[in-house]
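Trainee: Could you take me through the sheet in this one, strand by strand, and whatever sits against it? I'd also like to hear how far the model can be trusted there.

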Amino acid sequence: MTVDALTRTDAVSEEAATEAPVDSTPQAETTSESTEAKTEAPEASGSSETPAEENTAESPKPKRGRPKVATTAKKTRTVELTLTVTGTADGEWQAELKNGSKWVAKGLEIPAAAVSRAAKELHADLSGPIDEVINAARELQAAKVAQLEAELEKAKLALAELDA
């Protein structure tokens, strides 16, 4: 319904209410007048919709909500970085970094202490297994040092016997 139809219907109802006599005959006329106003209202609204449809075809009105096409908002861009840290039983650690499918760094030697600190900073579940590997490498290196010291002592004794 248009505003005119609503206003006209309200005006007819108000006039009928103020002018309505006590007997029932004028009420029937009032009812027929309001029925005529109601039947005119759809015609009025029907005629007002036709120009609106023409206006829509000529200049589209923006729809409510977010636009579906041609947004100016920046989308969040995710970056895929893959850091691979590799350790050996001897305690040598290397790092490799890949950005998508492109290598950024390859074969960088890093100290075991730095790997341990980084793992502790990242998460406790990471630091436990890494510290176990580092401790095993430390024990292996300590055994190797003890073996080399024993060989050094033998070599010093052999040298002392040759000098004497």
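Mentor: Confidence first, since this is a predicted model. Among the elements of the chain, β2 comes out with the highest mean pLDDT, 95, while helix α2 (residues 25-58) has the lowest, 50. For the chain as a whole the mean pLDDT is 75, with 58% of residues reaching 70 or more. Watch residues 24-48 in particular: pLDDT stays under 50 throughout that stretch, and the model has 14 contacts for it beyond four places in sequence. Where pLDDT is low, predicted coordinates shouldn't be read in detail.

Now to the sheet you asked about. It's an open one with three strands in the order β1-β2-β3, and the pairing is antiparallel. At the edges you find β1 (81-87) and β3 (102-110), each of them paired on one side only. Neighbouring strands are turned by 15° against each other on average, if you ignore direction.

Take the β1 side to begin with. β1 pairs with β2 (residues 93-99) through seven bridges, in the antiparallel sense. To follow the register, start at Leu81, whose bridge partner in β2 is Asn99. Then go to Thr82, which stands opposite Lys98, and on to Thr86, which has Gln94 across from it. The hairpin linking these two strands has five residues between them, and Gly91 there takes a positive phi near 95°.

On the other side, β2 and β3 also run antiparallel, this time joined by six bridges. Asn99 turns up again here, with Lys102 as its bridge partner in β3. So Asn99 is worth a click: it is the partner of Leu81 from β1 and of Lys102 from β3. Elsewhere along this pair, Trp93 stands opposite Ile110. The hairpin of β2 and β3 has two residues between the strands, and it's Gly100 that takes the positive phi in this case, near 70°.

That Trp93 and Ile110 pair leads us to what sits against the sheet. Both residues help line the largest pocket, which has a volume of about 210 Å³. From the stretch of β1, Leu83 and Val85 are in the lining too, and Ala95 joins Trp93 from β2. The elements giving two or more residues to this lining are β1, β2, α3 (112-122) and α4 (124-163). Of these, α3 gives the most, with five residues. The rest of the lining includes Ala114, Val115, Ala118, Ala119 and Leu122, along with Leu126 and Ile130. And what's the chemical character of the lining, nonpolar, polar or charged? Its residues divide into 12 nonpolar, no polar and no charged.

Definitions and conventions. Residues are numbered from 1 along each chain as its sequence is written. This is a predicted model: local features need pLDDT of at least 70, side-chain atom pairs count only at pLDDT 80 or more; totals for chains, interfaces and linings use all residues. Side-chain values use heavy atoms; hydrogens and water are left out. Two strands pair if DSSP finds at least two bridges between them. Helices (H or I, at least four residues) and strands (E, at least two) are DSSP runs, numbered from the N terminus. Axes are lines fitted to C-alpha atoms, for helices over the stretch in contact, and angles run from 0 to 180 degrees between N-to-C directions. On a 1 Å grid over the protein atoms alone, a cavity is a set of points where a 1.4 Å probe fits but cannot get out, and a pocket is an open set with protein on both sides within 12 Å along at least five of seven lines; lining residues have an atom within 4 Å of a point. Grid points are joined across faces, edges and corners, and a volume is the space filled by probe spheres set on the points. Ala, Val, Leu, Ile, Met, Phe, Trp, Tyr, Cys and Pro count as nonpolar, Asp, Glu, Lys and Arg as charged, and the others, Gly among them, as polar. pLDDT is the predictor's confidence in each residue, from 0 to 100. Contact means heavy atoms within 4.5 Å.
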